Structure formats: C-alpha cells, structure tokens
Amino acid sequence: MGDERVKTEGMQIIGMFQVLPKLVVFDLDYTLWPFYCECRSKHEMPSLYPHVEGILYALNDKGIDIAIASRSPTPDIANTFLDKLNIKSMFVAKEIFSSCTHKTEHIQKIHLRTGVPFKSMLFFDDEKRNIQAVSKMGATSIFVENGVNLGALRQGLAEFSENWNTSEKNKLKWLKKFCKSSNSSEEEQK
Ligand SMILES: [Mg+2]
C-alpha cells in the first residue's frame with residue numbers, strides 16, 4: 001500500500017472516533033523503524049515500517065500532535081535518520097536519551113514540554129516493560145510487535161476511547177457519591 005493510501009485509510013480510521021488523543025507518542029527502534037539505531041551508521045539511508053509515514057501524515061492532517069520517546073543511546077544517529085527521512089519537523093517533542101527508567105522520564109518531559117495530560121496521550125512501543133510503566137502513568141499504551149501499522153492505530157484509538165469513557169464514568173460516579181454524602185450531612189445538620 002502506498003503512503004497516500006495509508007494516509008487516506010488512517011484518516012478514515014481516525015474519523016471513526018469521537019474522542020481522540022491530543023498527542024500520540026512513538027518509540028523509535030522497532031516501533032517506527034525496524035532496527036536499533038546504535039547498530040547502524042549515520043551515513044546509511046534508513047527506512048521506516050511500511051505504514052508509518054502515512055500514519056504520521058494522517059495524524060498531522062487531523063490536527064493530532066505527535067512526539068518521540070526513545071531510550072536510544074545514540075540520539076545523534078536517531079536525529080540524523082529523522083532528518084534524512086524528512087519527518088523530523090513533524091514532531092512537537094523529541095525525547096531521545098538513554099535512561100534506566102522505562103520511559104516514565106521521557107513521558108514526564110514530553111508532558112512538561114507540551115502541557116498535554118497523560119490521560120490525553122496515546123503511546124506506542126515494542127517493549128512490554130515500557131508499556132506497563134507508561135500505562136500506570138495514565139496514558140493509553142499499545143504494544144506493537146511488527147512496528148506501527150493501521151491495525152495498531154485502530155486498536156490504539158479504540159483503547160483510548162474506552163479508557164476515556166471509563167474515566168469519565170468514574171468521575172460522574174464519584175461526583176454523584178460526593179453530592180449524595182454532602183446532601184445527607186446537610187440533612188443531618190438540620
Ligand atoms: Mg523500541
């Protein structure tokens with residue numbers, strides 16, 4: 001499938017959802033491209049997984065910001081590759097540094113830079129430990145096995161909507177409970 005077709009299909013998928021993330025955060029190695037940058041040379045020409053470019057453009061066109069959270073020990077190679085692929089300027093935040101945390105530091109920095117709350121973020125990564133750590137922060141986190149593709153996008157947006165609706169329902173439940181208990185304590189005071 002060509003990039004334009006992927007983009008069109010990606011936009012159709014995004015259009016199916018009423019609630020959307022404000023920011024989509026991607027890991028790099030084995031999520032956007034099929035290699036570890038530290039094993040490559042800056043002088044090579046990298047390539048992305050087949051659906052990635054179309055998906056990035058679809059998100060961009062729909063006004064959804066995108067960011068990178070990568071624990072790569074070679075940010076210079078990662079940045080050179082993003083430049084060579086002509087996608088570097090598409091990202092509102094790029095946190096590329098090695099860290100002993102499972103991306104929580106990266107996501108925290110992206111939050112501080114963009115002001116987007118964790119619960120409004122959708123995150124894609126190929127490592128389960130990162131998925132677990134970031135979902136605990138409140139971001140919808142999707143494990144990808146063969147890179148980001150249209151199926152992962154659809155799954156991510158569906159899980160994001162589900163999480164959003166659950167948290168809204170819980171908020172309402174809490175409010176009802178709170179109003180009830182404050183009403184009954186008012187009654188008691190009378
Ligand atoms: Mg990775």
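Helices (H or I, at least four residues) and strands (E, at least two) are taken here as DSSP runs, numbered from the N terminus. With that in hand, welcome to the exercises. The model is predicted, so local features need pLDDT of at least 70 and side-chain atom pairs count only at pLDDT 80 or more, while totals for chains, interfaces and linings use all residues. Residues are numbered from 1 along each chain as its sequence is written.

**Exercise 1. Lay out the elements of the protein.**

Task: Work out how many helices and strands the protein has, and in what order they run from the N terminus on.

Solution. Start with the count: the secondary structure comes to six helices and five strands. Next, walk along the chain, where the elements run α-β-α-β-α-β-α-β-α-β-α. For the overall extent, the C-alpha trace spans about 80 × 40 × 25 Å along its principal axes.

**Exercise 2. Assemble the sheet.**

Task: Find the order of the five strands in the open sheet, and name the edge strands.

Solution. Two strands pair if DSSP finds at least two bridges between them. On that basis, the five strands form an open sheet in the order 3-2-1-4-5, with parallel pairing. The edges are strand 3 (93-96) and strand 5 (140-143), each of which pairs on one side only. Neighbouring strands are turned by 20° against each other on average, direction ignored; here axes are lines fitted to C-alpha atoms, for helices over the stretch in contact, and angles run from 0 to 180 degrees between N-to-C directions.

Now check the register, pair by pair:

- Strand 1 (residues 23-26) and strand 2 run parallel and are joined by four bridges; L23 stands opposite D65 in strand 2.
- Strand 2 (residues 65-70) pairs with strand 3 in the parallel sense over four bridges. I68 stands opposite K94, and S70 stands opposite I96.
- Strand 4 (residues 121-125) is joined to strand 5 by four bridges, again in parallel, and D125 has F143 in strand 5 as its bridge partner.

**Exercise 3. Assign the handedness of three crossovers.**

Task: Which hand do the β-α-β connections through helix 2, helix 3 and helix 5 have?

Solution. Use this test: a crossover is right-handed if, with the strands pointing away from the viewer, the path from the first strand over the helix to the second runs clockwise. Take L23 of strand 1, opposite D65 in strand 2, as a starting point. The chain crosses from strand 1 through helix 2 to strand 2, and this crossover is right-handed. The passage from strand 2 through helix 3 to strand 3 is right-handed too. Finally, strand 4, helix 5 and strand 5 make a right-handed β-α-β unit.

**Exercise 4. Find the buried sides of the helices.**

Task: For helices 3 and 4, list the buried residues and say what they pack against.

Solution. A residue is buried if 20 or more other C-beta atoms lie within 10 Å of its own, exposed if 12 or fewer, and partly exposed in between, with C-beta atoms placed from the backbone. In helix 3 (residues 75-84), I77, A78, F81 and L82 are buried. They cover an arc of only 135° around the axis, which puts them on the same side of helix 3; the arc is that of the directions from the helix axis to the C-beta atoms. These buried residues pack against strand 2 and strand 3, whereas the face turned away carries the exposed D76 and D83. After helix 3 comes N86, with a positive phi near 60°.

In helix 4 (residues 104-114), the buried residues are H106, I107, I110 and H111. Seen down the axis, they fall within an arc of 140°, so they line one face of helix 4. They pack against strand 1, strand 2, strand 3 and helix 5 (128-137). Helix 4 is followed by G115, whose phi is positive, near 80°.

**Exercise 5. Explore the core.**

Task: Which residues of the largest nonpolar core touch the most other members, and which helix gives the most to this core?

Solution. A nonpolar core is a set of buried Ala, Val, Leu, Ile, Met, Phe, Trp, Tyr and Cys residues joined through C-beta atoms within 7 Å. Of the 41 residues in the largest one, V25, I55, F123 and V148 touch the most other members. Helix 2 (residues 52-61) gives the most to this core, with five residues. Helix 2 is mostly covered, with seven of its 10 residues buried: V52, E53, G54, I55, L56, A58 and L59.

Technical notes. Two residues are in contact if their C-beta atoms, placed from the backbone, lie within 7 Å.
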